[in-house]
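Q: I would like a close look at one part of this protein, followed by an account of how the rest of the structure is arranged around such details. Please take the sequence and the model together.

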Amino acid sequence: MSLKLRIYYNAVFGAIGGLLAWYVLGQFGATYSVILRDIVAGAFVGILIGGLMGSIDGVFDRSLYRAGRGAFYGAEYGSIGGIAGLLIGELTLWFMGGGLLGRATGWLCLGLAVGISEGIANKAPRKASYGALGGSLGGFLGGAIFEFLRGSFGSYALSQALGLIILGACIGSLVGFVEEIFRDAWLMVISGKQEGKEFTLAKNVTTIGRDEKCDVALYHDPKIALQHAQIARKGGQFILNSVSGPDRKVSVNGQVVSASATLKNNDRVTVGY
């Protein structure tokens, strides 16, 4: 899918995660301490929002491995951020005497952790930085809206449900939006079953192939090798390297690349022929 479409699905999956978190938390009683309550609530919010967002690529690519890996890292770092966010939020609210700013600052931690999870999972520092900024903005905005709704509705359950849905949607959409603004290089699939999908070149070395572990994973063409090519970032340049041998060619604008070639904007890279 295109990155713009990814922003939409990030928002949808994040909102669903928030709704599920509200439902799960509603099954727990309120008989335990405030600190334990915040730890449990933060963990579930982070696990469900982060896990669902992390699984998006794998779900739409019908790749169980990528969906599972993304969900695992999203849930892992989301739970850490959720726990930290709620605890920090409670401390901030206590110091500040309540208010939107305290809640927003606390939920910023959740957004930060969820945002960086995909970059960490894929060992892509640039993607992690995009996610950190977008997730932080989304968490801050979502937390502020959450607190506003909590004080505006007579029904606590309704305000909590709407707040968590908005929180998930804000984190998801802004993670994708920041990547859309700040990414400096990407590939777009222009033919085949994954036509229109975009891959941000966020690593120093981006792998291309049929293996699900590749950064640019093109599963559906048997003519593509498991490890077909690589794109290395060197300073401001991007170098395409053929790594699959003479029987599995790669070309740039119709010219076969025997070893390596420097890529330019709008170059057409062909694999699997």
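Q: Not counting residues up to four places away in sequence, which residues does Phe28 touch?

A: In this predicted model, Phe28 touches Val40 and Phe44 once residues up to four places away in sequence are set aside. Phe28 has its place in the loop between H1 and H2, and both of these helices, H1 (3-26) and H2 (34-54), appear again below as contributors to a cavity lining. With a relative accessible area of 37%, Phe28 is partly exposed, since the range for that class runs between 20% and 50%. The C-alpha atoms of Phe28 and Ile165 are separated by 19 Å, and the two residues are 137 positions apart along the chain.

The setting for this loop is a protein with seven helices and ten strands, whose C-alpha atoms fill a box of roughly 65 × 35 × 25 Å along the principal axes. Of its 273 residues, 50% count as buried. Among contacts with a separation of 6 or more, 56% are accounted for by residues 24 or more positions apart.

Turning to the interior, a search of the whole structure finds one cavity of 30 Å³ or more, and the volume of this largest cavity is about 620 Å³. Its lining is made up of 38 residues, and those that lie nearest its centre are Arg6, Asp57, Glu118, Asn122 and Lys127. Two or more lining residues come from each of the helices H1 (3-26), H2 (34-54), H3 (56-61), H4 (64-96), H5 (100-121), H6 (125-152) and H7 (156-182), and also from strand S2 (198-200). Helix H5 gives the most to this lining, with six residues. Sorted by class, the lining of the largest cavity comprises twelve nonpolar, 14 polar and twelve charged residues.

Helix H6, one of the elements that give residues to that lining, also holds Glu147. This glutamate is buried, with a relative accessible area of 12%, and, leaving aside neighbours within four places in sequence, Glu147 is in contact with Gly99, Leu100 and Arg103.

The cysteines can be considered next. The structure holds zero disulfides, and for Cys109 the geometry gives the reason, because its sulfur is 16 Å from the closest cysteine sulfur, that of Cys170, which is too far for a bond. Cys109 is buried, at a relative accessible area of 18%, and Cys214 is buried as well, with a relative accessible area of 1%.

An open space can be described alongside the enclosed one. The largest pocket holds about 1,000 Å³ of space. It is lined by 30 residues, of which Leu187, Met188, Val189, Ile190 and Val269 are the closest to its centre. The elements that give two or more residues to this lining are strand S1 (186-188) and strand S10 (269-271). By class, the lining of the largest pocket divides into 17 nonpolar, seven polar and six charged residues.

Other strands form an open sheet of five, in the order S4-S3-S5-S6-S9 and with mixed pairing. Strands S4 (216-217) and S9 (260-263) stand at the edges, and each has a single partner strand, so one side of each is left without a neighbour in the sheet. At the S4 edge, strand S3 (residues 205-209) runs parallel to S4 and is joined to it by two bridges. Within this pairing, Gly209 stands opposite Ala217 in S4.

Finally, two asparagines in loops deserve attention for their backbone geometry. Most residues other than glycine have a negative phi. Asn253, although not a glycine, has a positive phi of about 55 degrees, and its place is the loop between strand S7 (250-252) and strand S8 (255-256). Asn266 likewise is not a glycine and has a positive phi, of about 70 degrees, and this residue lies in the loop between S9 and S10. As for accessibility, Asn253 is partly exposed, with a relative accessible area of 43%, whereas Asn266 counts as exposed at 70% relative accessibility.

Technical notes: Residues numbered from 1 in each chain as written. Predicted model: local features only at pLDDT ≥ 70, side-chain atom pairs only at ≥ 80, totals over all residues. Heavy atoms only, no water. Pairing = 2+ DSSP bridges. Helix = DSSP H or I, 4+ residues; strand = E, 2+ residues; numbered from the N terminus. 1 Å grid on protein atoms, 1.4 Å probe; cavity = no way out; pocket = protein on both sides within 12 Å on 5 of 7 lines; lining within 4 Å. Points joined across faces, edges and corners; volume = space filled by probe spheres on them. Nonpolar A, V, L, I, M, F, W, Y, C, P; charged D, E, K, R; others polar. Disulfide = S-S within 2.5 Å. Buried < 20%, exposed > 50% of the residue type's maximum accessible area, 1.4 Å probe, protein only. Contact = heavy atoms within 4.5 Å.
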